[in-house]
Amino acid sequence: MQHFTSVYDLPNLEEAVKTAREIKLDPYCYKHLGKNKTMILIFFDASLRTRLSTQKAAMNLGMDTMVLNVNQDGWRLETEMGVVMDGDKVEHLREAIPVIGRYCDIIGVRAFARFESKEDDYSEKILNQFVQYGGVPIVSMEAATRHPLQSFADHMTIEEYKTKARPKVVLSWAPHPRALPQAVPNSFVEWMRQTDYDLVVTHPQGYELDPKFMGDLKVEYDQDKALAGADFVYAKNWSSYLEYGEILSKDRNWTITADKMALTDNAKFMHCLPVRRNMIVTDEVLDGPSSIVIDEAENRIYSAQAVLKMILER
Ligand code: SN0
């Protein structure tokens, strides 16, 4: 595997999950692979789990890591081509990216949707410049439209917890005070559609995701109906794709409560974190026995490690 920017980069999905689960049992078994190799993690946006779990994954493989928080520690970087750089941006990505590539063997990059232009975000303007100019393998640590490392950990976690061959997995929109990207739900849907799970997506009208990710999957607009008999409830907020970046609802009837969880088949509660308590999910559910968010976060290490292993072995 050369780059990792979506589920489609994996040579074999089942094998990848198997590898991640094997690594979990013996995290240092591939420590020789990363000897004298360096991974640089570039953050245009904040991070807790992705930063720490990806660094941990690289270290478990014997790699060295360096981290750059672009907007805090580095020069402010210009991302637009053809502009006169007479403003506050000091250096262009066009030089910064290949330079970073000369200093390492793998680049991880996080650059969220900026909500300035739907076209820019959905053409993955920043991520694609890294792929084009980096000269080394690129790992997406959440780009404008996808968060594949998260979806990998989500899939691994469902595999660990599922009690039936074909669990019902419900992705439910939930309210949030800010406009968030569609990357996590896009990626989750895209990834889950590669499995044989019974995937149901529920959200208010106007929150339809890009058909590129949804394919022929139909939306269930009635959240209670969607939750009926669910084995996994994956809650997430996102802003509107159609009315790009807009918040169309903050309806707390969509918050995942114990009453909502009672509609399910004793479902496990999942969220990528960070989560807004009592907006997305009540304290009772998040602190209760059905919540597997911490295990899900732990699995970020092993799924990232499986990805880096495949890149190192290419
Ligand atoms: C990001 C998102 O894509 O939704 C990262 C999730 C892994 N989440 C946020 O930016 C949350 C910010 C907030 O204000 O709660």
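**Exercise 1.** Leaving aside its neighbours within four places in sequence, with which residues is alanine 304 in contact?

*Solution.* The model is predicted: local features need pLDDT of at least 70, side-chain atom pairs count only at pLDDT 80 or more, and totals for chains, interfaces and linings use all residues. Residues are numbered from 1 along each chain as its sequence is written, and side-chain values use heavy atoms, with hydrogens and water left out.

Step 1. Apply the contact criterion, namely heavy atoms within 4.5 Å. With neighbours within four places in sequence set aside, alanine 304 is in contact with Thr54, Ala57 and Leu149.

Step 2. Locate the residue. Alanine 304 belongs to helix α13; helices are DSSP runs of H or I with at least four residues, strands are runs of E with at least two, and both are numbered from the N terminus.

Step 3. Consider one partner. Alanine 304 and leucine 149 are 155 residues apart along the chain, yet their C-alpha atoms are separated by 6.2 Å.

Step 4. Classify the exposure. Buried means under 20% relative accessible area, exposed over 50%, and partly exposed in between (1.4 Å probe, protein chains only). Alanine 304 has a relative accessible area of 2%, and is therefore buried.

**Exercise 2.** State which domains the assignment gives, and describe the contact between them.

*Solution.* Step 1. The protein chain is assigned domain 1 (7-146 + 300-312) and domain 2 (150-297); such bounds come from an automatic or database domain assignment.

Step 2. Taken over C-alpha atoms, the centres of domain 1 and domain 2 are separated by 25 Å. To the contact, domain 1 contributes 27 residues and domain 2 contributes 31 residues.

**Exercise 3.** Characterise the largest nonpolar core and the surroundings of leucine 10.

*Solution.* Step 1. A nonpolar core is a set of buried Ala, Val, Leu, Ile, Met, Phe, Trp, Tyr and Cys residues joined through side-chain atoms within 4.5 Å. The largest one has 54 residues, and Leu10 and Val139 have the most contacts inside it.

Step 2. The most is given to this core by helix α13 (residues 293-312), with nine residues. The core lies between domain 1 (7-146 + 300-312) and domain 2 (150-297), because both give residues to it.

Step 3. Beyond its neighbours within four places in sequence, leucine 10 is in contact with Met1, Phe4, Ala16, Trp191 and Met310.

**Exercise 4.** Is proline 148 buried or exposed, and which residues does it contact beyond its neighbours within four places in sequence?

*Solution.* Step 1. Proline 148 lies in helix α7 (residues 148-161). Its relative accessibility is 0%, so proline 148 counts as buried.

Step 2. With neighbours within four places in sequence left aside, its contacts are Phe4, Thr5, Ser6, Ser140, Ser187 and Trp191.

**Exercise 5.** Describe the largest pocket and its lining.

*Solution.* Step 1. Fix the term. On a 1 Å grid over the protein atoms alone, where a 1.4 Å probe fits, a pocket is an open set of points with protein on both sides within 12 Å along at least five of seven lines; lining residues have an atom within 4 Å of a point. Grid points are joined across faces, edges and corners, and a volume is the space filled by probe spheres set on the points.

Step 2. The largest pocket has a volume of about 550 Å³. Its lining comprises 27 residues, of which Arg110, Phe112, Glu142, Leu180 and Pro274 lie nearest the centre. The elements giving two or more residues to this lining are α2 (49-60) and α8 (183-192).

Step 3. The lining divides into 14 nonpolar, six polar and seven charged residues. Here Ala, Val, Leu, Ile, Met, Phe, Trp, Tyr, Cys and Pro count as nonpolar, Asp, Glu, Lys and Arg as charged, and the others, Gly among them, as polar.

Step 4. At least three lining residues come from each of domain 1 and domain 2.

Step 5. Examine Pro274, one of the residues nearest the pocket centre. Proline 274 is found in the loop between β10 (268-270) and α12 (283-286), and the peptide bond from leucine 273 to proline 274 is cis, with omega near 5°.

**Exercise 6.** Describe the backbone and exposure of asparagine 36 and asparagine 278.

*Solution.* Step 1. Asparagine 36 lies in the loop between α1 (13-25) and β1 (38-43). Although not a glycine, asparagine 36 has a positive phi of about 60°. Its relative accessible area is 68%, so asparagine 36 is exposed.

Step 2. Asparagine 278 is found in the loop between β10 and α12, and its phi is positive, near 65°. With a relative accessible area of 30%, asparagine 278 is partly exposed.
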